[in-house]
Amino acid sequence: MIAAALLVGCETPPKDTAKKEESKWVRKDAPVDAGKTVTPTPVPAVVNKDPKTFDFESMSIKLTPAEEARVALLVEQAKSATTISIRGFCNRNEVGNAKDAAIARANAVREVLVKGGVPSSKIRLRFTTDEARHAAVVEFQ
């Protein structure tokens, strides 16, 4: 009987020492997404601090919804101003019809102000094409 017990003990496979060695080098508590790449949050290239400057994409004459909302914030101030000057900017080195684009950008801002109740007779449009900007700037007098 003792011999049988000894033989049964021999039948069990020996412990896998290679597995033990490997386990001390493998982190079991590694995060699930450790192999994934983390993409950083994009930061705007230019942050406008001037509430009267509105940026446009270089090939666009339309305000983004965010910029349109910013223009709408100026409606009350525009209503109380005597005159309003809106200068559109477009870099002529990047855009072929820069003058037309600059005027269209100023007009896009004008339209938002007029929709808000600002009399169009108070508003003057201007343009600049010799600066490396794609924007419109509002000035109150």
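1. A good place to start is strand β2, which is mostly covered: 5 of its 6 residues are buried. Please keep in mind while reading that this is a predicted model. The strand spans residues 84-89, and several of the points below come back to it.

2. For orientation, the protein has 5 helices and 4 strands. Along the sequence they come in the pattern α-α-β-α-α-β-α-β-β. Of the 141 residues, 28% count as buried. The accessible surface comes to about 10,400 Å², and carbon and sulfur atoms account for 57% of that. Contacts reach far along the chain: among those between residues at least 6 apart in sequence, 78% join residues at least 24 apart.

3. Now to the sheet. The 4 strands form an open sheet with mixed pairing, in the order β1-β4-β2-β3. Its edge strands are β1 (53-55) and β3, each of which pairs on one side only. On average, and with direction ignored, neighbouring strands are turned by 20° against each other. As a general reminder, strands of a sheet pair through backbone hydrogen bonds, either parallel or antiparallel.

4. Both senses of pairing meet at β2. With β3 (residues 123-128), β2 pairs in the parallel sense over 6 bridges. The chain passes from β2 through α5 to β3, and this β-α-β crossover is right-handed. With β4, β2 runs antiparallel, and 6 bridges join these two strands.

5. If you would like to check the register residue by residue, S85 is a handy place to look. Its bridge partner in β3 is R124, while its partner in β4 is E139. I84 stands opposite I123 in β3. Towards β4, F89 has A135 as its bridge partner.

6. Helix α5 deserves a paragraph of its own. It packs on the sheet, touching β1, β2, β3 and β4, and its direction makes about 150° with that of β3. One residue to look at here is A104, which is placed in α5. A104 is partly exposed, with a relative accessible area of 23%. The C-alpha atoms of A104 and A136 are separated by 9.6 Å, although the two residues are 32 apart along the chain.

7. Which residues sit at the heart of the largest nonpolar core, touching the most other members? They are L63, I84, I86, V109, L113 and V138, out of 20 residues in that core. At least two core residues come from each of α4, β2, α5 (98-115) and β4 (135-140). The greatest share is that of α5, with 5 residues. A second, separate core has 5 residues, including C90, V95, A98 and A102. In soluble globular proteins, nonpolar side chains tend to be buried together.

8. V109 gives a good view into the largest core, being one of the residues that touch the most other members. Leaving aside neighbours within four places in sequence, V109 is in contact with F54, F56, L63, V71, I86, A136 and V138. Among these partners, F54 falls within β1, I86 within β2, and A136 and V138 within β4.

9. Is T129, in the loop between β3 and β4, buried or exposed? T129 counts as buried because its relative accessible area is 14%, which is under the 20% cut-off. Beyond neighbours within four places in sequence, T129 is in contact with C90, N91, R92, A98 and K99. Two of these partners, C90 and A98, also belong to the second core.

10. E76 makes a useful contrast with T129. E76 is placed in helix α4 (residues 75-80). At 56% relative accessibility, E76 counts as exposed because that value is over 50%. The C-alpha atoms of E76 and V118 are separated by 8.3 Å, with their positions 42 residues apart along the chain.

Definitions and conventions:
Residues numbered from 1 in each chain as written. Predicted model: local features only at pLDDT ≥ 70, side-chain atom pairs only at ≥ 80, totals over all residues. Heavy atoms only, no water. Buried < 20%, exposed > 50% of the residue type's maximum accessible area, 1.4 Å probe, protein only. Contact = heavy atoms within 4.5 Å. Areas by Shrake-Rupley, 256 points an atom, 1.4 Å probe, with all protein chains shown as cover. Core = buried A, V, L, I, M, F, W, Y, C linked by side-chain atoms within 4.5 Å. Pairing = 2+ DSSP bridges. Right-handed = clockwise from strand over helix to strand, strands pointing away. Axes fitted to C-alpha atoms, helices over the stretch in contact; angles between N-to-C directions.
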